[in-house]
Amino acid sequence: MKYLVIAICVLVVSCGENTNYNQNNIQLVEKYYEAVNSGDTNHADEIVSPGFSKVNNDKLFDKTGPALFVNSINNHLRDNREYEFVIDDIFSSNDKVSVRWTWNSIN
């Protein structure tokens, strides 16, 4: 019985820590989409890692990290009169965040 109580306490503590970790990851992803929507690139180095990369319509980019993020936002602003990413659903588990989003734009 003593081991069961200890195991339950450890499980409750672990779940609490995991929830905070997941919430922090979700907040980081939300900051990413807020920056993309607003065009604010002032905190790019806090939002994406130096190894950040992406493929867009089969185009490879020569930049990585915050420079690529800033370049991507500037391209969105240049190519679209109006645009917005809307987060429809966002889920986090351990070190992964999944987002289902809708993109509205006039270009």
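**Exercise 1.** In this predicted model, find which residues line the second largest pocket, and work out which element gives the largest share of that lining.

*Solution.*
- Start with the list: Asn25, Leu28, Val29, Tyr32, Tyr33, Ile47, Val48, Ser49, Val97 and Val99 line this pocket.
- Next, take its volume, which is about 220 Å³.
- Now assign elements: α1 (2-38) and β4 (96-106) are the ones that give two or more residues to the lining. The largest share, 5 residues, comes from α1.
- Finally, sort the lining by character: 8 residues are nonpolar, 2 are polar and none is charged.

**Exercise 2.** Follow β4 away from the pocket and describe how β3 (residues 82-93) is joined to β4.

*Solution.*
- Check the direction: the two strands run antiparallel, and 11 bridges join them.
- Pick one pair: Ser92 has Val97 of β4 as its bridge partner. Val97 is also one of the pocket-lining residues.
- Look at the connection: β3 and β4 make a hairpin with 2 residues between them. In that turn, Asn94 has a positive phi of about 55 degrees.

**Exercise 3.** Decide which parts of the chain have low or high pLDDT.

*Solution.*
- Begin with the whole chain: its mean pLDDT is 80, and 79% of the residues reach 70 or more.
- Then compare elements: helix α2 (residues 44-47) has the highest mean pLDDT, 94, while strand β2 (residues 59-60) has the lowest, 63.
- Last, inspect the start of the chain: over residues 1-15 pLDDT stays under 50, and the model has 0 contacts beyond four places in sequence for them.
- A friendly reminder: where pLDDT is low, the predicted coordinates should not be read in detail.

Technical notes:
Residues are numbered from 1 along each chain as its sequence is written. This is a predicted model: local features need pLDDT of at least 70, side-chain atom pairs count only at pLDDT 80 or more; totals for chains, interfaces and linings use all residues. Side-chain values use heavy atoms; hydrogens and water are left out. pLDDT is the predictor's confidence in each residue, from 0 to 100. Helices (H or I, at least four residues) and strands (E, at least two) are DSSP runs, numbered from the N terminus. Contact means heavy atoms within 4.5 Å. On a 1 Å grid over the protein atoms alone, a cavity is a set of points where a 1.4 Å probe fits but cannot get out, and a pocket is an open set with protein on both sides within 12 Å along at least five of seven lines; lining residues have an atom within 4 Å of a point. Grid points are joined across faces, edges and corners, and a volume is the space filled by probe spheres set on the points. Ala, Val, Leu, Ile, Met, Phe, Trp, Tyr, Cys and Pro count as nonpolar, Asp, Glu, Lys and Arg as charged, and the others, Gly among them, as polar. Two strands pair if DSSP finds at least two bridges between them.
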